[in-house]
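Visitor: I am new to this structure. Could you take me through a few parts of it?

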Amino acid sequence: MASFEVIGGQPLKGEIIPQGAKNEALQILCAVLLTAEPVTISNIPDIRDVNKLIELLRDMGVKVGKIGVDTYVFQADDVHLDYLDTEAFVAQGRALRGSVMILGPMLARFGKCQLPRPGGDKIGRRPLDTHFVGLEKLGGKLTLESNDFYRISTDGKLQGTYMLLDEASVTGTANLVMAAVLAEGTTTIYNAACEPYLQQLCKMLVRMGAKINGIGSNLLTIEGVESLGGTEHRMLPDMIEIGSFIGLAAMTGSEITIKNCQIAELGLIPDTFRKLGIKLEFRDDDIYIPAQEHYEINTYLDGSILTISDHTWPGLTPDLLSIILVVATQAKGTVLIHQKMFESRLFFVDKLIDMGAQIILCDPHRATVIGLDKRTRLHGITMTSPDIRAGVALLIAALSAEGRSVIENVEQIDRGYQNIDKRLTALGAQLRRL
């Protein structure tokens, strides 16, 4: 396992460009399976999870050509259905959470698909019921083997239908949209996810010839078409990276400009950091964070303690709560962090407590953070990255801390952040990979 050695306590300075959005990439890449024509995608992040999905598509028979630093052409005109029966496919599927999103395109275009239970971060229960219940409503027939292997098929074309999702799952909605665009008739999806990444997928499918109404809302109406064509698509910058860099600047007292942020697509993220007292300015499409000696957490109008919680879009993304929690440890004031969606995502706070943070873990979903107001710095320790987002939160903590920290299992961080050590070193961070 690789590790990061961090010498903390140094302010950073400079400009940084966020990578393409990981969560969008996993959807968009699977959508290339819906057509035999070429699809060109740019701003693809060079990260482990995305590269593994590209490798999976290539092994399935999709032609993959790299035509630029972050640009690929995909053509799924000769998909090898028999590859799904191989041990290599099973191993790939188990290792990658994003593999679940091949189900909708494969079922819609080829009438069948199969998949082992996919992997991913251990952040709590992540059931796939929304995916399979929706695909069954469209006409898919599901068989579960050995409790962890799924086969789904259809006798003919999928049939449009009405469905009310039990949760506004982003990946579940993406799978069902990709299945419905080639189904016969009209499909209505209520309680659909409406994250910018899902909107990006829908807009791409429309350019390919799909008929989708209600994009950006939680009610999608999809009229199935016979086939889809090729297109070109550019992915959004990663909003989780942008939020991570805002938190990094505040925590380390650094002056940082985040370039080309697509600010209009960030939702509540900037204002949530402002609630922690962090100053930031919009300069065209860049975000400028000045160096701050102190930042103070807001209270509610009646003076009560602020609560920051995650929610489905347009609420705050759960992927940033780990970052917000870490940043709060050096703020002035107190905040309750409420992680509603995943019951294991706060289990990294013991490392922060070991570093000197004042945090009360109330239960698996809630933590109260009493900020140190930078009067007492965190101190470096040796720790392990439990998942992608907690790993970067710990990295931010280490960069702000006094002394030397070692973060082990940084392969977790590599799954979601492109060359993070090199990019932060360019800002002045004392960080090296061991």
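Visitor: In what order do the four strands of the open sheet stand?
Guide: The model is a predicted one. Its open sheet has four strands with mixed pairing. Their order is β17-β18-β20-β19.

Visitor: Which strands stand at the edges of the sheet?
Guide: A strand at the edge has a single partner strand, so one side of it is left without a neighbour in the sheet. From one strand to the next, the twist averages 20°. The edge strands are β17 (306-309) and β19 (358-363).

Visitor: What is the bridge partner of Val335 in β20?
Guide: Strand β18 covers residues 334-338, and strand β20 covers residues 366-370. The two pair in the antiparallel sense over five bridges. The partner of Val335 in β20 is Val369.

Visitor: At about what angle to β18 does helix α10 run?
Guide: Helix α10 is formed by residues 321-328. It lies across β17, β18, β19 and β20. Its angle to β18 is about 165°.

Visitor: How many residues of helix α4 are buried?
Guide: Helix α4 spans residues 103-110 and is mostly covered. The buried residues are Leu103, Gly104, Pro105, Met106, Leu107 and Ala108. They pack against elements including α1 (22-31), β6 (112-116) and α5 (129-137). Of the eight residues in α4, the number buried is six.

Visitor: Which residue just after α4 takes a positive phi?
Guide: The phi in question is about 80°. The residue that takes it, just after α4, is Gly111.

Key
Residues numbered from 1 in each chain as written. Predicted model: local features only at pLDDT ≥ 70, side-chain atom pairs only at ≥ 80, totals over all residues. Heavy atoms only, no water. Pairing = 2+ DSSP bridges. Axes fitted to C-alpha atoms, helices over the stretch in contact; angles between N-to-C directions. Contact = heavy atoms within 4.5 Å. Buried < 20%, exposed > 50% of the residue type's maximum accessible area, 1.4 Å probe, protein only.
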